[in-house]
Amino acid sequence: MDYHAISSNFLYAAFVLYLIATIFFGATMGNKRTENVKSKAAAIGISVTILGFISHLVAFIVRWIASGHAPIGNMFEFISFFGMMMVFGFIVIYFIYRETTVGLFALPIAVLIIGYGSMFPTEISPLVPSLQSNWLYIHVTTAALGEAILAISFVAGLVYLIKKIDQTSTSKHTTWLEIVLFLLITTLAFIIVTITFNTTGYESTFTKEVAEQETEITYHMPILIEPNDAELVTDGVFTTGFEAPKWMQGEDAGKKLNTLVWSLLVGLGLYGIIRLIVRKRVAAAIQPKLDNVNLEKVDEIMYRAVAIGFPIFTLGALIFAAIWAQEAWGRFWGWDPKEVWALVTWLFYAVFLHLRLGAGWHGEKSAWLAVIGFAIIMMNLIVVNLVIAGIHSYA
Amino acid sequence: MMKKVKCECGHINHEGTVLCEACGKPIEGNQHIDGNDQNKLLNMRYDGSARRSQTYKRTFIDKTWAFFSSVKVGVWLIALALIASAIGTIYPQYMNANTPIPANQYYEQEYGITGQIFYQLGFHELYSSWWFIILIALIGISLVICSIDRVVPLHRALKNQKPKRHEIFVKRQRFFAETENVNQSERKTLIENLKKRRYKITEQDGHIMAEKNRFSRWGPYVNHIGLIIILLAAILRMFPFMYDEGYVWVREGETREVPTTNGEYYIENEKFVYETWDRHDDRFQEALKNEEFDVPSNFQTNAVVYKAKEEVVTGQLPEMEEVKRHEIRLNEPLNVDSYKIYQSGTQLRSEYGRITLSVNNEDGSSLGSFGFLPNNNKREYELNDGYIAYIDSYYPELEFTEEGPSSSSKHPRNPGFVFEVHNPNGDVEGRYFYLGEQIIPLSDDSVYNVDVEDTELITATGLLVQKDHSLIYFLIGAMIFMVGVAQGLYWHHRRVWIHPKEDGSLLIAGHTNKNWYGLKEDIRQAMSDTSLNLVKDQQEKL
């Protein structure tokens, strides 16, 4: 068995262990179980989490040995590392606060993120010259760790909102919370759709003229949205005939939009089914399970995660990034989209801290900010890499 | 003349003070400033000190000061900068677009109507637009003013605070408890325990103040100073003595002046190394088989830097001495003096460095060969037996216009030249045109067969030259920022007051700027061996 396969197997193991740990953390919820059962479940939950983390770490190290460079060079590797750091952040926070609810949400979200990353090409690719620097390790690992700890703040914020928001009537708050949950479900839908069509081996091909050259575009999902101004060459496949709008850039714009529409539709389906089963808002269905959650503690975790994550993020995503950029290109700052979004993230959490420490924004307001902060981080990870081109678009 | 307010404890406070700096007694008539009149608890932000922004609100300067020192304004400025920054990434900035098309056409061509709007609004150069720079400058002003507005009075209040506090101050703290009939030994245990927890104890007339980590209060101001240094460094960088840069293309074998050094330094490109990843590499073959083009693994200029030994005459290379050899790669710039030279661009094998032609007699015997050097002004190349090849005309980048052959640039990307073979007497014995790696005889009586023996392509390397004395200031600013953030976030300023009353009871109050849970733990543990009442969080009752 080669290193690559060994690494993949350890990653699968981590994936499964995280899910098992989630179930045990789930058993610590609610009022019906005795304290004894709860504390046992918590102990098993955190042990399995640590086991999963170790397995994940082994996957990382083996892949490092296999490739000769730290596996943080492309989308799959980075997202997997980000997921691992999120679990690490949770483990640290758990030993400070012993709050199992955070695990109940952090682990499935980490699993979703790792699963999402696994949909990108997983082959080991070599490093292009600009990445051949020790600063790659220093910059990327610290930036990912900072973002992952900030993501724990989002998890705490989400727990806070699910427990706190009044679900007796529909309001702006309940709607936004449902949208957040819907987006998480859509990520799951994306993974399901991708795996499903990969296994069935669906393929259809378009030709499109790009820069006066005939280019082939291959779809791996049935056509809901065609590329703009392209010709379908595969015979006998279904198409809706809708085209991606012209203003969307890049030859793969249509393909990406097609994937997005599939994910949203299946996500909507999944969300609809859940609503049909529980017969109320998803957040309202979860709320009673969080009865004995201490809101003040969750609020504190939300702040603590930002207090730890913000300086690490500053160091990794701005300072180390600038030092490396200076060393590689002779410019420490170049207004590249990824850099700008790191700055946006930094400014946002600066606002978070000013409002919390200076203007007394605690609790619900703070929790919404934590959710928006995570959205910005995801924006930088997903949209900037896949939609906006820049020096980081190799990742 | 500033109006002073004298407290009953004798301390003289600045106008606008809310809580006496020394004893903490609320100063009459100023309680509305921090909203203390409606609350049971005292607002302890900045210890009730007199902030200029809250005190003077009449003149224009007062109003400006108050405007910039407001957290609300600061947050709005940051939020605006955040939104503006994000907008600038919708389409590429023109400087990053790498296009020869002028901006006024580029955005419309590439992105249609939305691109046109983006361009019209000036968003293609958003980060150097006047309004964005003003926005950043306003943030800078706000950083300075809000810091001074707070740090000066806060520092004064913490310096002037006395262990003996007014009863009202103690009772209106968030953590408070009263215990009756406390004996001396219990009091002592409490103080000893606080000492063990690294509180600094000060005493005045039997009143105790235990305090720790006051330095954490300066954290926000320290990190703001770091940011201000970074902004100042950015201003400094606009001056050429701090920052200068240039760009030079150097062909293999060529020596060029290093720009921005005023002819002091010269750089030679001895050889350019371009390498790609092996498609059969065990580790990467899975990934590489999907790649249409080879994936580069190295861009490298083998460079030699020379220093001029004499006064420079324009257009000529002066006498020089070698000062440095270095393989310049991405991530491995060359350092010489205060200059850094970066691998920045390549034109891979894009120009002809040598074109070797062989001249043969009709019977096949050789008259010799010569290597034409496109980048050299040499016109005569020697053949055998005193024969020479004479370059009559040369077109580096050949094209044909109505007036005949001409060149569209001075770079030998597609060289063409006309040459003659002269016998030892100087008679012309044939005229030939070299173009597109082929030879066309121009005269009917050409007696020689001329063949292209070899062509050699060379690479030009693009080098970025930079002198940047401002970097160190950015780094210092960033480090100060990090220190300030850690100082402010990871330590907490905690104070405990022990206030004996004449009837023998003891009032205990506590205050911290954050992490109240931690303070409560401190007090709980300090009281563990005593029968003192644990402080209650009075805010919860509200």
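Reader: What stands opposite B:Tyr352 in S21(B)?
Author: B:Leu457 does.

Reader: What makes S12(B) and strand S21 (residues 449-468) of chain B a pair?
Author: They are joined by 16 bridges and run antiparallel. Two strands pair if DSSP finds at least two bridges between them, so S12(B) and S21(B) qualify. This is a predicted model: local features need pLDDT of at least 70, side-chain atom pairs count only at pLDDT 80 or more, and totals for chains, interfaces and linings use all residues. Residues are numbered from 1 along each chain as its sequence is written, chains are lettered from A and ligands numbered from 1 in the order in which they are written, and side-chain values use heavy atoms, with hydrogens and water left out.

Reader: Why is S12(B) called a strand?
Author: Strands are DSSP runs of E with at least two residues, helices are runs of H or I with at least four, and both are numbered from the N terminus. S12(B) covers residues 339-360, so the strand rule is met.

Reader: Which other strands pair with S12(B)?
Author: Strand S11 (residues 334-336) of chain B is one, antiparallel over three bridges. There B:Leu334 faces B:Ile341. Strand S13 (residues 366-372) of chain B is another, antiparallel with six bridges. B:Asn360 stands opposite B:Ser366 in that pair.

Reader: What lies in the turns of these hairpins?
Author: Two residues separate S11(B) from S12(B), and B:Asp337 takes a positive phi near 55°. Five residues separate S12(B) from S13(B), where B:Gly364 in the turn has a positive phi of about 95°.

Reader: What makes S19(B) and S20(B) a further case?
Author: Strand S19 (residues 428-435) and strand S20 (residues 438-441) of chain B run antiparallel over four bridges. B:Leu435 is opposite B:Gln438. The hairpin has two residues between its strands, and B:Gly436 in the turn shows a positive phi of about 50°.

Reader: Which strands make up the open sheet in chain B?
Author: Six strands do, in the order S4-S5-S22-S23-S3-S24, with antiparallel pairing.

Reader: Why are S4 and S24 of chain B edge strands?
Author: Strand S4 (200-204) and strand S24 (536-537) each have a single partner strand, so one side of each has no neighbour in the sheet.

Reader: How many bridges join S22 to S23 in that chain B sheet?
Author: Seven, between residues 494-500 and residues 506-512 of chain B, running antiparallel. B:Arg494 has B:Thr512 as its bridge partner.

Reader: Why is the contact of A:Glu327 with B:Lys340 called a salt bridge?
Author: The rule asks for a side-chain nitrogen of Lys or Arg within 4 Å of a carboxyl oxygen of Asp or Glu. The closest N and O atoms of A:Glu327 and B:Lys340 are 3.5 Å apart, so the pair qualifies. Across the interface of chain A and chain B the rule finds one salt bridge.

Reader: How many salt bridges does the whole structure hold?
Author: There are 40 over all chains. One of chain B joins B:Glu21 to B:Arg156, with the closest N and O atoms 3.0 Å apart. The pair links distant parts of the chain, 135 residues apart: B:Glu21 is in the loop between strand S2 (12-14) and helix H1 (52-55), B:Arg156 in helix H6 (residues 130-160).

Reader: How do you know how many residues of chain A and chain B are in contact?
Author: Contact means heavy atoms within 4.5 Å. On that rule, 52 residues of chain A are in contact with 51 residues of chain B.

Reader: What area do chain A and chain B bury between them?
Author: About 4,200 Å², 68% of it on carbon and sulfur atoms. In chain A, A:Pro126, A:Pro129 and A:Trp335 lose the most area to chain B, together 15% of what that side buries. Buried area is the accessible area (1.4 Å probe) that two parts lose on being put together, summed over both.

Reader: What do the UniProt records call parts of chain B?
Author: An unreviewed entry lists "domain: ResB-like" for residues 71-429 and 446-523. It also lists "transmembrane region" for residues 65-91, 130-152, 221-243 and 471-491. UniProt positions follow the numbering used here, feature names are shortened, and annotations may be inferred rather than shown by experiment. In the model, residues 471-491 of chain B are 95% helix and 0% strand, with end C-alpha atoms 30 Å apart. Residues 65-91 are 78% helix and 0% strand, and their end C-alpha atoms lie 38 Å apart.
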